[in-house]
Amino acid sequence: MERTEILKVIEKHLVKSVAGITETIDPDKKFTDYGANSLDIVEIVSGAMRELKVKIPRTELNDIQNIKGLIDKFETYSKN
Amino acid sequence: MSTVDETLVKHVHDHYAEYTYDMFMMNMSPDLEEMQLFAEWADTLKEKKIYSFEAVRPSAQKTEIDLARDNGEPMHIINLSSYNYLGFSYHPDVIKAAQDAVGKYGLGASSSPVISGTYKIHKELETALEKFFDLPDRGVSLFTSGYSVNLGAISAFIKPGNHVVMDMASHMSIVEGARLSGGEVHYFKHNDMASLEEVLKKTCDGFARVLVCVEGIYSGDGDIGNLKDVVRLAKQYGAFTLVDEAHSAMVAGENGRGVCEEQGVLEDVDLYVMTFSKAFGGVGGAVYAKKEICKYINWYARCRMFSCALDPAVTGGMVKVIELAMTEIGKERRKRLKTNAAFFRSLLKGKVNLGISESWVVIVNFGSESKTLELNDYLQRTGLDTSIIQFPAVPKNDARIRMFITSEHTEAQLKKAAEIILGAAKKFDFLKK
């Protein structure tokens, strides 16, 4: 699975959750930098998993620091 | 229930300490995986005797009580987990008033308040609240929970195309009310006026309605909202304001009219939200606003319209609570609560991280939510019950012990509670360095 494809899906769910995002998403930023609250983050990650049909183990979600970190997880687990 | 991968279930059982509550919010497949895994997790915690939640109380929410865990284990605890701030939930006059009301009206209202569920006692409660807040042009709309006040009032006030602007630390009921409304949802940094103004500049275009939502006391942080500046800015940009005074109504301000009274903005706030489950000692809630707004909310807040009215017992009890709150008893209890909170805070100050809390909601930050289970188990076993909060109620790795001080706690109870907290801080490594 291409990283650009993963980012596109995450971006789609982020924009759906948080009003008024017009800028290009920078993967080095955190979801909170774009105004997402904790409930939004749960929904973004959950929605992206369903759309990409990739399951990240629940215990692996704790150490994700930024958007790039989530992309890394999707990339790893899409290969399994 | 559909079959879930047994290796996942076994992983949850064997590695239960690596899991946290939020991990089971994720739905990843069409089966009921997250539900089955959560059930396995909760059962494992009970099996390991560290499930300290949902413990059963055999009596009223007094300051020191017995409780029994789910597995029957008995505990005796100092109660800092209930927000019965003025101890009114078990005041004998309140209990009597509730008993009288149930004797007169029966158990339930048996209908929506706009159809046939409005009893005389509901009208008495409305009048009592109007007297308590004492503004001539205001009315009250009653709801069956504080949560539903925000759901109903925000969604009646804001329509698609409008905007809800809220403090990032806002309660989940405000977040969900905003989402339900269909309006665009915007956040500003906690208590940060520059950040609020930035959002108002973008949203206040003279066409769409804008509602700014803030709180008197933020329940997750225990700090006080900067209502004076929020109201000033909102007025400057033509926005409306909603202030949730769940943890401050009946407590803050000389007459108990909340942080709005304390900061001199009671008359300027458009929607004043209160819950009856905190200082009022009951359950339910209300919005206090101009009469025409209340009339509209009564009919267009769908969760109110399509719910049964408040039960008579609680309604009767609330009338008595308000009566007491307006007497010397109320004044004295409010004063004692503030003294107690300051005393408790002084016992912890400089020793643990109290975050930004500055009220009777005392917060001790302990960091990662991975400590929550063992910490809460330890606290309860050593004789203290608190209200732990963690992600997603607060940001990740910013979990907190939250304690509600009441006017009824004794100095000895507060001293003992502080000792337990400091012992826990040493054991779980969150003493201030």
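Visitor: What makes Leu211(B) count as being in contact with residues beyond its neighbours within four places in sequence?

Guide: The test is that two C-beta atoms, placed from the backbone, lie within 7 Å. In this predicted model, Leu211(B) is in contact with Ile154(B), Phe157(B), Ile158(B), Val164(B), Ala239(B), Phe240(B) and Leu242(B). Leu211(B) also belongs to the largest nonpolar core, which has 121 residues, and is one of those that touch the most other members, along with Ala153(B), Ile154(B), Tyr272(B) and Val287(B).

Visitor: Why is that called a nonpolar core?

Guide: Because its members are buried residues of kinds such as Ala, Ile, Leu, Tyr and Val, joined through C-beta atoms within 7 Å. To be buried, a residue needs 20 or more other C-beta atoms within 10 Å of its own. As a general tendency, nonpolar side chains in soluble globular proteins are buried together.

Visitor: How do you know that this core lies between domain 2 and domain 3 of chain B?

Guide: Both domain 2 (64-79 + 328-427) and domain 3 (91-325) of chain B give residues to this core, so it lies between them. Apart from it there's another core, of 27 residues, including Phe31(A), Met49(A), Val54(A) and Met23(B).

Visitor: What makes S3 and S5 of chain B edge strands?

Guide: Strand S3 (138-143) and strand S5 (184-188) of chain B each pair on one side only. They belong to an open sheet of 7 strands with the order S3-S9-S8-S7-S6-S4-S5 in chain B and mixed pairing. On average, neighbouring strands in this sheet are turned by 20 degrees against each other, direction ignored.

Visitor: How do you know that S6 and S7 of chain B pair?

Guide: Pairing takes at least two bridges. Strand S6 (residues 210-215) and strand S7 (residues 240-244) of chain B have 5 bridges, in the parallel sense, so by that cut-off they pair. Look for Val214(B), whose bridge partner in S7(B) is Val243(B). Then find helix H6 (residues 172-181) of chain B, which lies across S4, S5, S6 and S7 of chain B and runs at about 165 degrees to S4(B).

Visitor: What gives the most to the side of chain B that touches chain A?

Guide: That's S5(B), with 4 residues. The contact takes 19 residues from chain B and 15 residues from chain A. On the side of chain B, they divide into 12 nonpolar, 3 polar and 4 charged.

Visitor: Why is one side of S1 and of S11 of chain B left without a neighbour in the sheet?

Guide: Strand S1 (64-68) and strand S11 (384-385) of chain B each have a single partner strand, so one side of each stays free of a neighbour in the sheet. This is the open sheet of 3 strands in the order S1-S2-S11 of chain B. S1(B) and strand S2 (residues 74-79) of chain B run antiparallel, joined by 5 bridges, and Asp66(B) stands opposite His76(B) in S2(B). Helix H15 (residues 411-427) of chain B lies across S1, S2 and S11 of chain B, at about 110 degrees to S2(B).

Visitor: Why is Lys49(B) called partly exposed?

Guide: Lys49(B) has 13 other C-beta atoms within 10 Å. Exposed means 12 or fewer and buried means 20 or more, so a count in between is partly exposed. Lys49(B) sits in the loop between helix H2 (33-47) and S1 of chain B, and has a positive phi of about 60 degrees although it isn't a glycine.

Visitor: What makes Ser110(B) partly exposed?

Guide: Ser110(B) has 14 other C-beta atoms within 10 Å, and partly exposed covers counts between those two cut-offs. Ser110(B) lies in the loop between helix H3 (92-105) and helix H4 (120-133) of chain B.

Note on methods:
Residues are numbered from 1 along each chain as its sequence is written. Chains are lettered from A and ligands numbered from 1 in the order in which they are written. This is a predicted model: local features need pLDDT of at least 70, side-chain atom pairs count only at pLDDT 80 or more; totals for chains, interfaces and linings use all residues. Domain bounds come from an automatic or database domain assignment. Helices (H or I, at least four residues) and strands (E, at least two) are DSSP runs, numbered from the N terminus. Axes are lines fitted to C-alpha atoms, for helices over the stretch in contact, and angles run from 0 to 180 degrees between N-to-C directions. Ala, Val, Leu, Ile, Met, Phe, Trp, Tyr, Cys and Pro count as nonpolar, Asp, Glu, Lys and Arg as charged, and the others, Gly among them, as polar.
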